[in-house]
Amino acid sequence: MSGVPDEAVQRLLDAWRGEVEARAVYELIAEREQDPQRADILRRMAAAEGRHRERIERRLRELGQPLPDPGSVRPSLWTRLQVKVAPVHRLLAAREAAEDDEVGDLYARPTGDAETDRLLRDIRKEERSHSMAVREMQAGDDSRPEPSPVAIPGAQARLDRILGREKWHQTGGSWISGAIYGANDGLAAVFGIVTGVSGATGGSSFVLTAGLAGAVASALSMATGAFLAERSEAEVVAANVESERREIAEHPEEEKEELSLFYQLKGVDPATADQLAERLAEQPDAMLRALAAEEFGVAEHSGNPAQAAVAAGLSTGIGAIIPVIPFIFTTGTGAIVLAAVVSLVAHFLVGAAKSLVTLRSWWAAGLEMTLAGVIVGGATYAVGLGFS
């Protein structure tokens, strides 16, 4: 079709790519989501992104433009790894930011073609609702929902009053992120030991003894800490659920009101929210799961203390042994230089791995970690020289 601005075609193609990738990311997050209701919401949002793509494709056909191959657009390998590893609440925060960017830029600016502008405005409205839905899901992860733009006035204050006597809610983390940070800690700590003792002894065999001792101590310390932390978290979740069970038994009306208020803060009208709470109150176990999910994110702890201990201990040990390896085969200046090189490369790789959890740029996280290694190594080597 002649007379259509190139800007309109380009914006349609950009929007098309965004919809294809967004659908894939939502589906990947849904696969990780343990709450069936939240997973269903994410799948429905993925399906909506698919419908947006179809509408954009129809417009492209009307303009006589060839349709791109959907197989050519997919999340990068790094993005897929992040979706598999990073905490769900951080993934949701990233998706909310992406939806906000699309609403504020990609779909908002005029293209010069009235029909295309109308289509993008319609999609923009739905993308805004996606952003709000993701924000609500994040609020659930934080254990305290934020009022939505359609929340019932006064509901938050009443809910705060009820939750004021319930101070025991807490949430947990991930053994995968623990393993990554374990490798980070082991590498940084033992690299400091190796450079410090190298500075003091000129790279003698004492470095091997000190480095191995530091590696074993770091690994055992991290493994023990991870085991105790995971077991404590399981005890906290169990105590939370048991306390909630007692609250339901001792204050059933107040707990029904609390559940109703949670729904009202999500935009449900008071009558419907009260009705939902009444229906759930007929099944105490269902009501317990609903309240536990709303108040502290989970109804049961899925972590494994032994798994966390093994992951943290092994990752810390592996990270810690890297600076020591050159001294297994040689000593002196050559060993010091080789240890510095392999350790700084390892710093970069561990920093990049951390971005799987933090969702930062992998190269920026890697360079930041490398700089930290340079500072630690340089400082401890200087201290060691002072004691030589």
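**Exercise 1. Helix H3 against helix H14**

Task: In this predicted model, at what angle do the axes of helix H3 (residues 77-85) and helix H14 (residues 333-358) cross, and which residues make the contact?

Solution:
- Start with the axes. Those of H3 and H14 come within 7 Å and cross at roughly 60 degrees.
- Name the arrangement. Roughly perpendicular begins at 65 degrees and roughly parallel lies under 35. H3 and H14 are therefore oblique to each other.
- List the contact. H3 supplies Trp78, Leu81, Gln82 and Val85. H14 supplies Ala352, Ala353, Ser355, Leu356 and Val357.
- Sort by class. The contact of H3 with H14 has seven nonpolar residues, two polar and no charged ones.

**Exercise 2. An aromatic pair of H3**

Task: Is the pair of tryptophan 78 and tryptophan 362 stacked, edge-to-face or tilted?

Solution:
- Count the pairs. The model has two aromatic pairs.
- Take tryptophan 78 with tryptophan 362. Their ring centres are 6.4 Å apart, and 55 degrees separate the planes.
- Apply the cut-offs. Stacked needs under 30 degrees and edge-to-face over 60. This tryptophan pair is tilted.
- Place the rings. Tryptophan 78 lies in helix H3 and tryptophan 362 in helix H15 (residues 362-386), so the pair ties together parts 284 residues apart in sequence.

**Exercise 3. The second largest pocket**

Task: Which helices each supply at least two residues of the lining of the second largest pocket?

Solution:
- Give the volume. The second largest pocket has about 310 Å³.
- Find the centre. Of 14 lining residues, Val25, Thr79, Ala94, Arg95 and Ala98 are the closest to it.
- Assign helices. H1 (6-32), H3 and H4 (88-106) each supply at least two lining residues.
- Sort by class. The lining has eight nonpolar, three polar and three charged residues.

Notes. Residues numbered from 1 in each chain as written. Predicted model: local features only at pLDDT ≥ 70, side-chain atom pairs only at ≥ 80, totals over all residues. Heavy atoms only, no water. Axes fitted to C-alpha atoms, helices over the stretch in contact; angles between N-to-C directions. Helix = DSSP H or I, 4+ residues; strand = E, 2+ residues; numbered from the N terminus. Parallel < 35°, antiparallel > 145°, perpendicular 65-115°, else oblique. Contact = heavy atoms within 4.5 Å. Nonpolar A, V, L, I, M, F, W, Y, C, P; charged D, E, K, R; others polar. 1 Å grid on protein atoms, 1.4 Å probe; cavity = no way out; pocket = protein on both sides within 12 Å on 5 of 7 lines; lining within 4 Å. Points joined across faces, edges and corners; volume = space filled by probe spheres on them. Phe/Tyr/Trp six-rings, centres within 6.5 Å; stacked < 30°, edge-to-face > 60°.
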